[in-house]
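Good morning, and thank you for making room for this short talk. Please have a look at the model on the screen, and then I will take you through some of its charged pairs and one of its pockets.

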Amino acid sequence: MTYTKFMKQENLINGEWVHADNGKSFNVSNPATGEIIGSVPASGYDETQKAIAAAAAAFPSYSTKPLLERVGLLWKLHDALMDNQKSLAELLTVEQGKSITEATGEIIIGAAYIRWFAEEIRRNKGEIVPASAPDRRILVTKHPVGVVGMITPWNFPSSMLARKLGPALAAGCTVVAKPASATPYSGLAWGALCEEVGFPKGVVNILTGSAREIGNAIMSNPVVRKVTFTGSTEVGKELIKKSADTVKKVSMELGGNAPFIVFNDADIDKAVDGAMVSKFRNSGQTCVCANRIYVQSGVYEKFVTKFKDATAKMKVGDGREAGVEQGPLIDMSAVEKVEELLSDAVGKGAKVVLGGKRHEKGETFFEPTIVTDATQSMRFSKEEIFGPLAPVFKFETEDEAIKMANDTDFGLCSYAYTRDVGRIMRLNSKLEYGMIGINSGLITTVEAPFGGVKESGLGKEGGSQGLEDYLDTKYTALDF
Ligand code: ADP
């Protein structure tokens, strides 16, 4: 049971591990078995204010530490993750359900984000812009924004925090983070790791509890200068509205509805591999999962046959079992949502060619499912599925595919399989998405700016852009 090594059951506030003020806690269970694995503080407004005060107190000295000291702490944090990847991955699987292979990948990419931002901050250059007068200089410099509030979801409980902690801590910001209630342990583990490698007290504060109370405390406090959120578009919109009162910077990684387009000239085997990883990773619970698979008529039958054969081979089960590729869904409401979307589609003429019901492994498990003859009138053409249901649509022309792909309020990630360079450049211009995977179904990487357009969000995570969000630009006019 190595996963208990970093399994903290208290809040980290100002360098102390503490219970909620009223001593209350709530249980956390393993979605694969329903077994309660522990309990964490049911904190609210007051605890959040203490955490914000601790972060504010830590900011002046942390933000002015010699750069290489901050960078050194991040390097140690990276190494601590890599040294403990097995126990951290197990903890992630036990609270979230994903396979050990995927959980290990998540810990490794989290470590990579920390290293990336430790590197990027050393190139955080300002500018001296030519002024019109000879005895004037225009200095443009960048400064940490201050205290940052972070609210993270349950689908990637470790790496979603990594993409926020990395740039914040590199820039010199201090942090108040709230992990999702379904999966608080991987978030709290970041606190334990930061403590272990020597971040000063108050730099990283992490607390669990009521989303509304903690969220409101973060949003209403003028000391918090930036809020970064990953989660649903619905909650993101609420947070954007609340940010107005104190004019906070916001970064929002919200929902998606990814189109996955396969053209007649595609390498079909590659497209099937891409569809598998894009659709079924994390049991379909990622915001970049293929939500609508559009296949051109000339390769439709061939694609469906191969996709079905590959999907039928997937091993479903408890993420801790060797060889398991798909774990449970996070909870019963996630299962019910998939069922609702499936029955809506079948009622409107979709054909189930694989799966279609709860899996015999247990009530939170759902069979990897493929439906064909999908149409734009079905609910999943507008809504995020967040489960292992793959709808396949048929199309005839490039224009038709692009039109259908863009017919959504979301604009996070899109995918297309084709070998025509001209078409690739047309897709680059016309797809209204923050990210486009060409001949690849897995494109998240630390070097690239992850983020959406339209109602999928604001700001970028990763790439050099991921650091900008944690910095304010200051202009100094200098006469001499
Ligand atoms: P999902 O459950 O799909 O990940 P949510 O947007 O519901 O998306 O949750 C993402 C994170 O936002 C979680 O940490 C959750 O507890 C938090 N959250 C939910 N509602 C609110 C709210 N009203 N204010 C602040 N945070 C919230």
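Let me begin with a term: I call a residue buried when its relative accessible area is under 20%, exposed when it is over 50%, and partly exposed in between, using a 1.4 Å probe and protein chains only. What you see is a predicted model, in which local features need pLDDT of at least 70 and side-chain atom pairs count only at pLDDT 80 or more, while totals for chains, interfaces and linings use all residues. Residues are numbered from 1 along each chain as its sequence is written, and side-chain values use heavy atoms, with hydrogens and water left out.

Now to the charged pairs. Side chains of opposite charge can pair when their charged atoms come close. A salt bridge here is a side-chain nitrogen of Lys or Arg within 4 Å of a carboxyl oxygen of Asp or Glu, and by this rule the count comes to 26 salt bridges.

One of them joins Asp-318 and Arg-320, with 3.5 Å from N to O; Asp-318 is buried, at a relative accessible area of 15%, whereas Arg-320 is partly exposed, at 38%.

Another pairs Arg-379 with Glu-340, whose closest N and O atoms are 3.3 Å apart. This pair links distant parts of the chain, 39 residues apart, since Arg-379 sits in the loop between β15 (369-372) and β16 (389-395) and Glu-340 in helix α11 (residues 332-347). Helices (H or I, at least four residues) and strands (E, at least two) are DSSP runs, numbered from the N terminus. Arg-379 is partly exposed, with 29% relative accessibility, and Glu-340 is also partly exposed, with 40%.

My third example is the salt bridge between Arg-426 and Glu-398, at 2.7 Å from N to O. Here too distant parts of the chain are linked, with Arg-426 in helix α13 (residues 421-430) and Glu-398 in helix α12 (residues 398-406), 28 residues apart. Arg-426 is partly exposed, with a relative accessible area of 34%, while Glu-398, at 13%, counts as buried. Salt bridges that share partners join Asp-265, Glu-398, Arg-423 and Arg-426 into one network.Finally, the second largest pocket (on a 1 Å grid over the protein atoms alone, an open set of points where a 1.4 Å probe fits, with protein on both sides within 12 Å along at least five of seven lines) has 13 lining residues (an atom within 4 Å of a point).
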